[in-house]
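Before reading this report, please take a moment to look over the sequence and turn the structure on the screen. The text then follows a sheet, strand by strand, and ends with a helix.

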Amino acid sequence: MSPPTHHHCEGVLGMQVQTGHFDNVSLAGVKWAIVCHWPGPLNDGNGTVKPSFDPSTTPDQLHARGQIARAR
């Protein structure tokens with residue numbers, strides 16, 4: 001709950017699916033990264049997250065990842 005040392009918080013996280021699928025779409029090998037930025041402490045909210053996918057990701061895989069990200 002402390003304020004960030006440099007008044008904002010930023011980070012990058014990369015991921016790769018080893019095995020798996022969503023419905024009938026294989027997600028094996030899908031790679032992506034997210035860049036995160038919060039203007040202050042994370043618990044204050046107002047952050048942004050921007051995903052970036054490997055160019056080899058197919059449109060079906062992108063759609064599947066989008067559906068997973070929206071699931072609650």
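Which residue stands opposite W32 in β4? In this predicted model, the residue that stands opposite W32 of β4 is M15.

**The sheet**

The sheet is an open one, built from three strands that follow the order β1-β4-β5, and their pairing is antiparallel. Strands β1 (9-16) and β5 (48-53) stand at the edges with a single partner strand each, so one side of each is left without a neighbour in the sheet. On average, and with direction ignored, neighbouring strands of this sheet are turned by 15° against each other. As a general point, the strands of a sheet pair through backbone hydrogen bonds, in either a parallel or an antiparallel way.

The strand β4 covers residues 31-38 and is joined to β1 by eight bridges, while six bridges join β4 to β5. The table sets out three bridge partners that can be looked up one by one in the structure.

| Residue | Stands opposite |
|---|---|
| G11 | C36 in β4 |
| M15 | W32 in β4 |
| I34 | P51 in β5 |

**Two faces of one strand**

Where do the side chains of β4 point? They alternate along the strand: W32, I34, C36 and W38 point to one face and are buried, whereas K31, A33, V35 and H37 point to the other face and are not buried.

The largest nonpolar core has nine residues, among them V17, V25, L27, V30 and A64 as well as W32, I34, C36 and W38. To this core β4 gives the most, with four residues. In soluble globular proteins, nonpolar side chains tend to be buried together.

Two residues of this core can be followed further. If residues up to four places away in sequence are not counted, C36 touches C9, E10, G11, T48 and V49, and G11 is also the residue whose bridge partner in β4 is C36. For W32, the neighbour to look for is R65, which lies over the face of W32 at 4.3 Å from the ring centre.

**A residue of the helix**

Helix α1 takes in residues 59-70, and Q67 is found there. Is Q67 buried or partly exposed? With a relative accessible area of 33%, Q67 lies between the limits of 20% for buried and 50% for exposed, and is therefore partly exposed. Although Q67 and F22 are 45 residues apart in sequence, they are 8.8 Å apart in space, taken from C-alpha to C-alpha.

Technical notes: Residues are numbered from 1 along each chain as its sequence is written. This is a predicted model: local features need pLDDT of at least 70, side-chain atom pairs count only at pLDDT 80 or more; totals for chains, interfaces and linings use all residues. Side-chain values use heavy atoms; hydrogens and water are left out. Two strands pair if DSSP finds at least two bridges between them. Helices (H or I, at least four residues) and strands (E, at least two) are DSSP runs, numbered from the N terminus. Axes are lines fitted to C-alpha atoms, for helices over the stretch in contact, and angles run from 0 to 180 degrees between N-to-C directions. A nonpolar core is a set of buried Ala, Val, Leu, Ile, Met, Phe, Trp, Tyr and Cys residues joined through side-chain atoms within 4.5 Å. Buried means under 20% relative accessible area, exposed over 50%, partly exposed in between (1.4 Å probe, protein chains only). Contact means heavy atoms within 4.5 Å. A charge sits over a ring if NZ of Lys or CZ of Arg is within 6 Å of the ring centre and within 35 degrees of the ring normal.
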